[in-house]
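Visitor: Please show me the model. I would like to go through its cores, one sheet and its confidence.

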Amino acid sequence: MFVTMMMTDQMLDLPPPLSNELPMMHHMINGDASQQMILVQVNPGETFTIRMEDGALQCIQGPAEVPMMSPNGSIPPIHVPPGYVSQVLEDNTGVRRVVVTPHSECYPPSYSPALSPSHHIHPPYLTHPHFIPASHTSYYPPVSPGDVPHQFYQHRLPPIYPEEIIPLYNVSTFMGHEEYCKPPPKKLKQPVERTPLSQMNIPVSNSYKNSTTTTANGYGKSHGSPGGGGGVGGSPGNKRPERRARGSPKHTDTETQDHDVEARRVQAVPSGMDKPQVSNLQSHSALVSWSSISVSGSPGRVPSCSYELQLKDKSRDGKYKVVYSGEELQHTLTDLRPATDYHVRVSTVCNSVKGPSSDVRAFTTQCAPPDIPLPPRLSHRSKSSLTLQWKPPADNGSKINNYIVEWDEGKKNSIFREYCVVPQRHCKVLRLCPGVGYTFRVAALNDIGSSGFSTEVVFYTTGSLQQTSLPPRLVLAGSSWVTLEWTRPNSCSAEEMITYTLEMQDETKGLDFQAVYSGLELNHKVESLRRNTQYKFRLITCSGEWRSAPSSLLVCKTTAERPGPPVNPAVNTLTYHSFCVTWEPPEDDGGSGDLTYILEISESNNNEERQWEAVYRGPERKHSCEDLKSATSFSLRLSCVSAAGQSQWSGEVTVRTLIPPPGRCQPPSIMGNVKHKELTLQWDASLCDEETDGVEFCLEMCAIEEDSEPVEVFRGSKTECTVGNLLPGTTYRFQVRAVNSAGYGPFSESVDISTAAGPPEQCNPPVINVTSHTCAHVTWENTESSGIDVSGYRLYWGRDLDSLELVYSGDETYFQISNLEASTEYCCRIQAVNQAGAGPYSDLVTCRTPAAAPDLISGFHQLNLPLNPAESESFSLSTCLALTWDEPNCNGAQIISYNIQIGDRIISTENTNQHIIRDLLPDSEYSLKIWAENEMGAGPLSETLRVRTRPLPPSPPRLECAAVGPQSLKLRWAFSSRSQFTDDTNYILQMEDRNQRFVVVYRGPSHTFKLQRLNESSRYRFRIQAVSEAGEGPFSETYTFSTTKSLPPTLKAPRVVQLEGNTCEVTWESIPPMRGDRVSYVLQVLGGRESEYKQVYKGEDASFQLLGLQWNTDYRVRVFACRRCSDSLQELCGSFSPSALFSLRRTDTTLAVEADVNKSTISRSLSDEQFAGLIVFGVASLSVLIAFLLQLLI
């Protein structure tokens, strides 16, 4: 340790600091003359420990420089261990240093050159002691002298101070508490850089100059003389006379003034803070509040202050972290962990100067429900069960009581149901179906509540997928019943009894399916259902050995009943031409809430049968009937319609519109064409015809050119009139008015209408010039008219009189007709038209188009087989093409032949629509075109037809016998070297039956097939054939394969009966001769300490007596059967029977022999090989364990 001490009554001229360190001496030497400043330097990797006033230990982790104050002005004594001495050295500046060195070192009475002020460096990195009062135990690890500068040696010394060491500042202001308590590192891998004093933000408080107590570090008692010494005096009367330290230079008056100016420059420092308060404590949040502080500083100036809130989680790294910095007096802590201990403290920062931290406030968050557990994992599964395990989540302060396991019952509908609630972390799900996936999730439960569910996970049971039933089908549905039917599974045999369970889901009662039928029938009528309601059905098929999964859902709906008629129809808002009808809904809607109302209206007429007309159809219960006749009686009736049908009609309601006076009629207008001698007029009845009895209309006319008086030309109830006997080309004026029993109405506005001129006369016949078989030119002459020019002509063209159509209308005297058919007869006529109308038709003229070459052939395609069965024998799709086409239009000349172009070759055929091209290459592509030819020439070429011949049929493969058994043969076949087989090649394997006919035993693409249930030692004949797209290939040659003979079956354990003396009789079951071969038996005995069985008998008898046996000795006997083949004299032996254990007992009566068949175990000692293997296994296990422990230690 290296301690630097100086008197506080002098100013030292220090050299400039290195690494921008803050020269603290000028700030610290402002106290009483009796105060001593001690600068403790803590080296890297070391800890400086101070006992506080409350007895707690405060640790400071190096590298750091800790300024200390000796309150009584003396150097504290240092107790050193044996072999160490302490020396006090003083330099020219008055700075005294205490050096702790080994006793063997020899120090000069003055500083070495390395410690001279002229060679100022950082204080040497020597190991400081641990200032722990009443502690005499320390460890001194060996440190080589090369780790420190050569001027000093590094040692760890256990000094003991008899009185407290008071730090000048609260160490927590520049170093966190968590840094104090860190253990020293074992080894510094990199050089540790010392923290410059200027970066520690150590506030210098005025309390050390003029305060009566020291509050920055929590101490409140004074030290020193009764006169207020110790450097904490607050008034000039309490100050002690100044005194200098040894070797300190004298100060002038100017230096004293500079010292006072420097003291006034000290900034205002905040005082200590009270403990923060914690309220509104929750599981994940808490509200922390604190009180404001008073700041001492220059008068008239208010410094800007902010607060820093620090939080420490004891369960983690134990470090304080700043969670808030601002001017508010409270802060809400979030993202806290439930049931966790936290410590908070608050400090003040004023004008970039950080004050001391407050006392620590501890609090614990409330408990919460557990965290969401991890998804369960599968530990074991079978066909009907799944065993799940999961890891416990964090309980958040409350012990987990139970776990909730939910599953979807294998329905894959995202609907989960609770399976069980267990306190363990495992669960076994039973009664499952084989080969089905089930979805599970887990939630944890404690006294606070339940956690969320884990991620969903799917596990499958073993076994094959269960068969799924076909869904039921709807046969018929009624309002309270449905009839369903279903089919029997195809995979079930006719003798197997199948039970069908029909389940129904009623959403009004829940989402569960309830069984409504279980039986053997294939249909069922479900009754007692609600009308107009949707139901879901599914079917489950069961037999004695299996149960299928539920089928897919059938959704059906019952029908609704016919609703009743609407009630309480009423009429209001009656006018001349309209009224409003309202009604109420029916008392019974038939189970369907959606109703459509029908309103029908009919005029009341006693003379004729009434006709009802629907005027409204919709969901509303109100309708306005408009545009009605006035003064007319109407009958109304109502009905409603739903999905079930239409209701009955309601009672009729009669209403009569009001009678209005006659009004002005609309002006008459021309109806149709105006002729030269007559015209037809009409007028609007909606304004003048009131639809009442006795209303008539009067039409008056006068000629404008003659200035004649108006004459009534029509009187009646109709709204139209034809006026005749008029002069052509004359203008007339017309007007109309209505009249009823009340009188005449006003005249309408007058209308002037002129009659037309006369139509033109008959035209001359047109002239037809046929230019080609598809085109004709028609001309005609102008026609003289009766005083009016012809405005146009109309040309009619067709094949006969009945098919004439207008093909031209215009003022030209010619027209060209195209798109005609060859060798076809046509006729035409012409008609002239002017303003007066159309004249009469001309005489009919006929013509005929010439013949032409045939049309384009269509429907040209390839056939798989010839149309003529006689040509099928020699036809092959590999070398032949069967073609057909549709016969084209000959265009008036008979078709002579058809020409087919295939590549560079042209094939001519007779007048037929099919042809076979032979001698083509297999598996080749060809392009074909065809055209027809008659005496007029060749027709156009058809579209190109691209065809391809098929490859040659494959040759049969070579058949081999892969495996032979007594009752089975496994055959396989390989590729033939002459044929190429593709993936779509199938094979037909045939076997010869007893009637020497070959029957198919296999058809498919596989290359192997195994025949079962054959007779032993029998010969079978086979042949094979390959089939591909090219056709069926030839059959192979006949192959003969034979089955082998069967071995004798394994016998049961023999039975042993003890006879008189030391004789026993052994008996076993007998086997009948196998297909004429005799069967013999071999008996073997193992007795005493023998290790091998010995044969004692071989013969055809089923019993044998053992003689000369020893008493109280264990014996084992076993037997096997041998088959002697009569044809080959070969002996086939079966396997050994289970051994029988017996022992002879000395008794007068016959003893029952204890026989143990594969159940009794004989304890035998381990063999040498087994014992050696056990030793090797133990050594290997021990090696693995030692390697694992070494890995953990490293």
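Visitor: Which residues have the most contacts inside the largest nonpolar core?
Guide: This is a predicted model, where local features need pLDDT of at least 70, side-chain atom pairs count only at pLDDT 80 or more, and totals for chains, interfaces and linings use all residues. Residues are numbered from 1 along each chain as its sequence is written, and side-chain values use heavy atoms, without hydrogens and water. A nonpolar core joins buried (under 20% relative accessible area, 1.4 Å probe, protein chains only) Ala, Val, Leu, Ile, Met, Phe, Trp, Tyr and Cys residues through side-chain atoms within 4.5 Å. The largest has 21 residues, and those with the most contacts inside it are Trp-1068, Tyr-1081, Val-1117 and Phe-1142.

Visitor: Which elements give two or more residues to this core?
Guide: Strands here are DSSP runs (E, at least two residues), numbered from the N terminus. The elements are β74 (1064-1067), β75 (1078-1087), β78 (1114-1124) and β80 (1140-1143).

Visitor: How many residues does the other core have?
Guide: This core lies apart from the largest one. Among its members are Leu-388, Tyr-403, Val-405 and Cys-420, and its residues number 19.

Visitor: Which strands stand at the edges of the open sheet β57-β58-β61?
Guide: Strands pair if DSSP finds at least two bridges between them. The pairing in this sheet is antiparallel. Each edge strand has a single partner, so one side is left without a neighbour in the sheet. The edges are β57 (861-863) and β61 (914-917).

Visitor: Which residue in β58 is the bridge partner of Gln-862?
Guide: Three bridges join β57 to β58 (residues 881-884). The partner of Gln-862 is Leu-883.

Visitor: What is the mean pLDDT of the protein chain?
Guide: pLDDT is the predictor's confidence in each residue, from 0 to 100. In the chain, 72% of residues reach 70 or more. The mean is 76.

Key:
Buried < 20%, exposed > 50% of the residue type's maximum accessible area, 1.4 Å probe, protein only. Helix = DSSP H or I, 4+ residues; strand = E, 2+ residues; numbered from the N terminus.
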